[in-house]
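Biologist: I am new to reading structures like this one. Could you walk me through a few features, step by step?

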2 protein chains.
Amino acid sequence: MRPTVNDIAREAGVSLATVDRVLNARPGVREKTIKAVNDAIAKLGYVRDLTAANLARSRNYRIAAILPDAESQFVQSLAQALQEAGSLAATSRVDLQVLRFPTEDPHALAAILTGLPARGFAGVALMAPETPVLRDAVRALRAKGLPVVALVSDLPATGRDHFIGTDNHAAGRTAGVLMGRFLGDSPGQVLVLGSSLLARDMVERRRGFDAVMLRDFPQIEVLQSLETHGSPQLLRQVVSQMLANAPGVRGIYSMGDGQRALTQTIEDMGLSGKLVVICHQLTPHVRSALQAGTVTAAISQNLGHLARSTLRVLRAKLDQQPIDEGQEQIRIEIVLRENLPDTPDSGLQTSEDAA
Amino acid sequence: MRPTVNDIAREAGVSLATVDRVLNARPGVREKTIKAVNDAIAKLGYVRDLTAANLARSRNYRIAAILPDAESQFVQSLAQALQEAGSLAATSRVDLQVLRFPTEDPHALAAILTGLPARGFAGVALMAPETPVLRDAVRALRAKGLPVVALVSDLPATGRDHFIGTDNHAAGRTAGVLMGRFLGDSPGQVLVLGSSLLARDMVERRRGFDAVMLRDFPQIEVLQSLETHGSPQLLRQVVSQMLANAPGVRGIYSMGDGQRALTQTIEDMGLSGKLVVICHQLTPHVRSALQAGTVTAAISQNLGHLARSTLRVLRAKLDQQPIDEGQEQIRIEIVLRENLPDTPDSGLQTSEDAA
DNA sequence: CAGAAAATGAGGTACGCACCTCAAAAACGC
DNA sequence: GCGTTTTTGAGGTGCGTACCTCATTTTCTG
């Protein structure tokens with residue numbers, strides 16, 4: 001049987017009330033007594049029963065997940081994954097709300113953040129580009145005691161409590177090896193595409209990709225990256241132009257979104273299966289493109305895991321509990337046609353883990 | 001506020017005792033009354049607070065994980081991952097014990113299984129080859145109401161409650177694509193190695209591998225698989241002989257354990273980096289071999305996730321709760337040098353997921 | 001050493017639920 | 001309509017903790 005507060009009281013020779021004062025850091029206890037209680041705790045190996053404690057407190061975890069209001073597949077899928085994880089976690093007193101902010105307006109975002117405590121939120125998960133305004137807003141939140149975790153794209157300067165996402169530099173490197181090895185020994189060129197929604201990710205991926213290509217696959221020439229700014233038309237135009245004019249292009253690395261336009265362009269040009277195409281995120285379009293052979297590999301982070309991890313980490317922070325780093329590390333997944341998971345999840349994204 | 005049992009009682013116009021009888025399927029309630037209560041539950045959207053319920057029951061989940069007593073790296077790592085997940089889950093009333101059985105003695109295993117209920121175990125996770133004795137023992141357990149999950153290698157004929165592990169056929173296929181693509185267009189031969197601890201896995205992997213190689217990479221000849229029966233000496237001997245005599249061998253697919261002997265043999269022969277080597281499981285040796293370039297890719301299942309998933313699934317079964325299939329699906333991970341996770345976990349295995 | 005201040009103890013209530021007992025009410029058989 | 005069986009209600013106790021009040025004891029101050 002695990003020891004309880006009563007056991008501690010007996011062991012320390014004090015009353016239950018005193019144990020309670022020590023456990024919950026209430027004032028009015030002598031140093032000496034505090035020590036006696038703590039010794040008893042250590043001796044008995046007491047650990048607070050969190051479920052009972054939460055029951056007594058009738059605690060609930062009101063959490064805000066804040067995402068850009070972009071209509072991108074990725075953000076949509078993430079929002080959905082968060083919603084699902086949230087409703088599943090409702091059993092454990094978690095109340096998650098997904099909020100959106102206008103992508104290009106850091107001040108609006110800051111305003112939302114600032115308003116959170118008044119709205120009763122106790123923790124925040126945030127996916128946003130790092131700006132000075134944002135940094136200050138996050139710091140203010142943390143000063144008020146709200147844990148803040150960065151989602152997908154890190155916010156190191158804000159002093160966020162945790163980052164939940166993959167190592168984008170490593171992801172870029174991984175894409176690099178795959179590209180290099182899949183292309184084989186003969187020379188060729190690689191097209192790199194990137195929207196610029198969250199600059200930090202893209203830059204890191206690109207760096208990792210270039211580093212590997214340069215070092216290990218010198219026979220491949222990596223072309224300058226093409227920014228498509230999330231516009232399918234632009235992407236289509238740029239890609240078809242490049243493919244038509246540069247016969248040496250044998251591979252495409254797509255770092256951002258716009259997978260749908262990309263795969264369609266490739267298929268329209270009859271190049272499906274003739275190029276090595278590597279992209280990020282396993283959206284439904286990428287799924288079918290993998291199956292059709294238009295996309296060779298996808299580098300993805302598991303959104304279900306991401307969402308569940310977010311909730312676990314925020315809850316741990318709110319409970320002042322330690323975090324199981326192993327469990328919260330988001331892996332860089334390589335998805336080929338052959339290891340495409342069937343998707344019992346949302347139908348939007350692969351899944352796994354948790355809780 | 002979430003509705004409670006009291007709200008149901010009021011809504012249904014019955015007493016708390018009756019609600020309790022209905023909720024816990026106790027006898028002595030008329031059909032009509034049961035319906036009234038259930039209607040109230042549906043109307044209010046009541047969901048039982050599991051943490052409070054478990055507190056009241058002072059429920060604990062005593063679980064046995066049963067593994068072969070093989071000294072293989074894989075089994076050791078799995079045991080460790082289970083232990084760790086177990087001690088972390090101790091906070092949530094989980095008491096996990098890892099038991100071992102003599103690998104080659106199905107009757108001893110059956111005896112252990114049969115003895116479990118008497119020893120107070122309420123759920124079982126089992127990694128073992130499927131034999132008739134085992135099948136009967138598992139069925140007997142399930143008849144007694146103990147949930148049983150199969151670990152790593154499935155036990156379909158036993159009627160186990162759940163299988164926790166990867167789709168080995170898909171894993172073999174994945175290894176196949178990687179091998180084929182990494183080898184490039186020129187012809188060559190591939191060596192396949194397999195111990196035979198858990199026949200089912202190996203067979204499935206082999207089938208998947210062969211299917212892909214045959215269909216997509218006809219220029220590569222896949223040699224007959226070599227059984228090493230877990231003996232490092234035998235493996236070393238077989239491999240060096242093959243490599244010396246068959247100059248066409250450009251790749252090695254190692255389906256089982258004995259990674260250490262394999263990588264050392266390759267390094268001793270000065271072939272590190274000159275062969276495409278794909279193996280299963282990311283043991284410490286494979287990690288360093290990946291870094292050194294001796295191993296090209298590892299197909300792995302995340303043991304931390306596997307362990308956490310095991311506990312979650314068994315707990316869900318014991319609570320008669322539904323399972324989040326998305327979270328419990330064990331992904332087939334492809335690990336290259338570039339996406340080698342740093343291992344905050346056990347140092348023995350990569351990690352991620354689960355709670 | 002008296003008086004004030006600080007520390008401690010005793011006890012209760014609550015959280016949401018499980019599980020038990022005993023009496024009262026309702027339904028049933030004949 | 002009687003006795004019998006079944007169903008229901010009322011109420012209590014406990015799980016392990018939080019949080020509150022009020023009395024009592026101990027310690028400090030001058």
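**Strands and contacts**

Modeller: Gladly! This is a predicted model. In chain B, strand 1 (residues 61-68) and strand 2 (residues 94-101) pair in the parallel sense over eight bridges. The link between them is a right-handed β-α-β crossover: the chain leaves strand 1 of chain B, passes through helix 5 (residues 73-89) of chain B and arrives at strand 2 of chain B.

Biologist: Which residue in strand 2 of chain B does B:Leu67 stand opposite?

Modeller: B:Leu67 faces B:Arg100 there.

Biologist: Now the DNA. Which residues come nearest to DNA strand C?

Modeller: A residue counts as near when one of its heavy atoms lies within 4 Å. There are 26 residues around DNA strand C, and those that come nearest are A:Ser15, A:Thr18, A:Thr33, B:Tyr46 and B:Arg48. On the DNA side, sugar and phosphate make up 71% of the strand C atoms that come within 4 Å of the protein.

Biologist: How do I read the contacts with phosphate oxygens?

Modeller: Check whether backbone or side chain is involved. A:Ser15 uses a backbone N or O atom, 2.7 Å from a phosphate oxygen of DNA strand C. With B:Tyr46, a side-chain N or O atom is 2.6 Å from a phosphate oxygen of that strand; for B:Arg48 a side-chain N or O atom is likewise 2.6 Å from one.

Biologist: Which helix gives the largest share of the surface near DNA strand C?

Modeller: Helix 4 of chain B, with five residues. By residue type, the surface near DNA strand C has 11 nonpolar, seven polar and eight charged residues.

Definitions and conventions
Residues numbered from 1 in each chain as written. Chains lettered and ligands numbered in written order. Predicted model: local features only at pLDDT ≥ 70, side-chain atom pairs only at ≥ 80, totals over all residues. Heavy atoms only, no water. Polar contact = N/O pair within 3.5 Å; in protein donor to acceptor, adjacent residues only side chain to side chain. Helix = DSSP H or I, 4+ residues; strand = E, 2+ residues; numbered from the N terminus. Nonpolar A, V, L, I, M, F, W, Y, C, P; charged D, E, K, R; others polar. Pairing = 2+ DSSP bridges. Right-handed = clockwise from strand over helix to strand, strands pointing away.
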